[in-house]
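User: I would like the reasoning behind the terms used for this chain. Please set each value against its criterion.

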Amino acid sequence: MTHSTSAPDAAWQDLTRRWQDLADLGDIGSLLGWDQSTYLPQAAAAGRARQQSLLSGLHHARATDPEYGKQLDAAGRRTDLSPEQARMVEVARKDFEKATRIPASFVTEFSRHAGESYSAWTQARPDADFARMVPYLEKTLDLSRQAAGYFPEFKDPLDYFIEESDEGMSAEQVGQVFSELREALVPLADAVIGAGAPRRDFLAGPYPRDLQLAFGERVIRDYGYDFTRGRQDLTHHPFMTRLGGADVRITTRVKEGDPSEALYSTLHEAGHALYEQGVAEAYLGTPLGGGVSAGVHESQSRLWENLVGRSRAFWAAYFGDWRDTFPAQLAGVSEEEMYRAVNAVSRSLIRTDSDELTYNLHVITRFELERQLLGGDLAVRDLNDAWHAAYEGNLGLRAPSDKDGALQDVHWYFGAIGGAFQGYTLGNVLSAQFFAAAREAHPNIEADIARKEFGNLHGWLRENVYAHGRRFTPNELIERATGRPLSVEPYLAYLRGKYGELAGL
Ligand SMILES: [Zn+2]
């Protein structure tokens with residue numbers, strides 16, 4: 001007999017109770033973090049740090065309890081579990097290994113080093129002094145290799161870091177996807193930029209903050225974001241956080257002199273939140289109760305931000321409301337001009353300010369440098385020169401100072417070298433692959449969007465991606481949902497179609 005909730009015996013109940021406790025402890029920690037980024041009074045920071053460290057200690061103790069390990073071993077030997085239950089045990093086992101194989105003393109050493117490196121970086125970056133960071137980065141690289149060394153089943157240390165965030169993918173697979181992508185993107189970006197920049201003067205505003213926020217919230221309500229199970233607040237860096245199965249929150253930031261900032265941050269984070277809000281109820285509080293990987297998660301934020309939110313159909317639906325909300329700022333501006341303004345492409349030195357088309361070239365550059373560093377093909381002292389050479393090759397730009405060169409992103413100065421970036425571009429690639437599959441199932445999706453009707457798209461994504469949580473590996477999920485493995489083709493077709501038309505190529 002097979003049914004999805006077989007074996008509700010005492011041992012299984014014990015295990016599920018542990019999982020619910022682990023999920024609750026994690027969610028409470030997220031609540032403390034959310035509060036710290038939104039409303040925590042300044043003077044309360046030290047007390048909050050103490051509370052968070054207490055809580056993460058409790059979580060770690062439970063997550064690494066040897067008794068729990070024995071229960072997982074026993075569950076792993078059972079032959080009477082349903083496929084869902086077997087996958088729960090498999091995912092829990094992975095999480096357990098991750099938490100137990102790296103010694104606590106190593107975690108403490110790495111986090112002390114990360115703190116020192118971060119604080120040195122906050123000084124070295126304004127001084128554009130890369131040389132000062134070389135000894136820190138050398139130690140970071142060393143510690144990163146050591147961390148990967150606790151998982152000798154990965155021959156390439158980068159494979160270990162990729163597995164951490166994008167299970168089942170490898171440096172080789174990602175490298176292949178990225179080199180295909182670069183080959184196509186470099187000439188495409190050249191041609192689009194060469195065709196000239198659209199008008200953007202009317203975005204300078206000022207656009208009143210409250211009206212911007214209300215507008216974004218109206219759109220994500222239309223998308224299907226459930227405000228009875230979430231809310232939006234303001235933070236310096238926008239994010240999505242899950243505080244429980246029925247509490248998935250987002251944050252945004254508002255600039256009066258550029259309304260695209262708040263709107264697209266809101267649409268981006270709402271995409272992450274739609275994913276989390278759509279996980280099947282039966283999986284909540286179990287190891288399957290969340291998004292499956294960095295790449296698949298980012299695909300949902302990008303899909304709702306870019307494939308929907310920066311489309312012609314979107315502005316056909318919303319330009320009237322937009323102009324009614326900001327009549328003075330948009331006097332004499334057409335729907336077409338608005339559409340073009342939010343899709344402007346330009347060369348930029350800063351990854352986080354870059355557009356849909358060139359963003360990937362920033363990510364590919366970092367991924368390749370990480371790969372060379374971890375593989376021993378590039379010495380830390382040569383990283384800065386390699387950075388400038390790679391930017392000239394990939395983006396046709398050279399940073400005037402090292403401040404916006406290898407010192408630019410915080411990632412390498414506050415954590416391991418490896419695995420921090422590839423998920424962003426995998427997400428872009430996958431966003432188009434999922435969207436194309438949804439459109440195959442519902443050929444009228446664009447016409448739907450143009451009338452603010454998102455039910456078919458949201459329903460398809462919920463059924464084929466969101467509901468499954470971590471039930472399948474990322475590669476399995478992609479293949480089940482789209483009928484084929486990860487492929488750059490749909491993404492390149494999307495970019496060529498969209499930007500070819502915009503630039504009149
Ligand atoms: Zn994101």
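**Reasoning from the last helix outward**

User: Which residues of H20 are buried, and what makes them count as buried?

Analyst: This is a predicted model. Buried means under 20% relative accessible area. In H20, Pro 490, Tyr 491, Leu 492, Tyr 494, Leu 495, Lys 498, Tyr 499, Gly 500, Leu 502 and Ala 503 are buried.

User: What do the buried residues of H20 pack against?

Analyst: Contact means heavy atoms within 4.5 Å. The partners of the buried H20 residues are helices H8 (171–194), H11 (294–308), H13 (335–341), H14 (359–375) and H16 (422–441).

User: How do you know what span to expect for H20?

Analyst: The expected span is 1.5 Å times one less than the number of residues. H20 covers residues 489–503, which is 15 residues. That gives an expected 21 Å, and the first and last C-alpha atoms are 20 Å apart, close to expectation. Just after H20, Gly 504 has a positive phi of about 65 degrees.

User: How many helices and strands does the chain have, and why is it called as compact as a globular protein of that length?

Analyst: The chain has 20 helices and three strands. Its radius of gyration is 23 Å, and the globule rule gives 23 Å for 505 residues, so the chain is as compact as a globular protein of that length. The C-alpha atoms fill a box of roughly 70 × 55 × 50 Å along the principal axes.

User: What share of the residues is buried?

Analyst: With the cut-off under 20% relative accessible area, buried residues make up 52% of the 505.

Terms used. Residues numbered from 1 in each chain as written. Predicted model: local features only at pLDDT ≥ 70, side-chain atom pairs only at ≥ 80, totals over all residues. Heavy atoms only, no water. Helix = DSSP H or I, 4+ residues; strand = E, 2+ residues; numbered from the N terminus. Rg over C-alpha atoms; globule rule 2.2 N^0.38 Å. Buried < 20%, exposed > 50% of the residue type's maximum accessible area, 1.4 Å probe, protein only.
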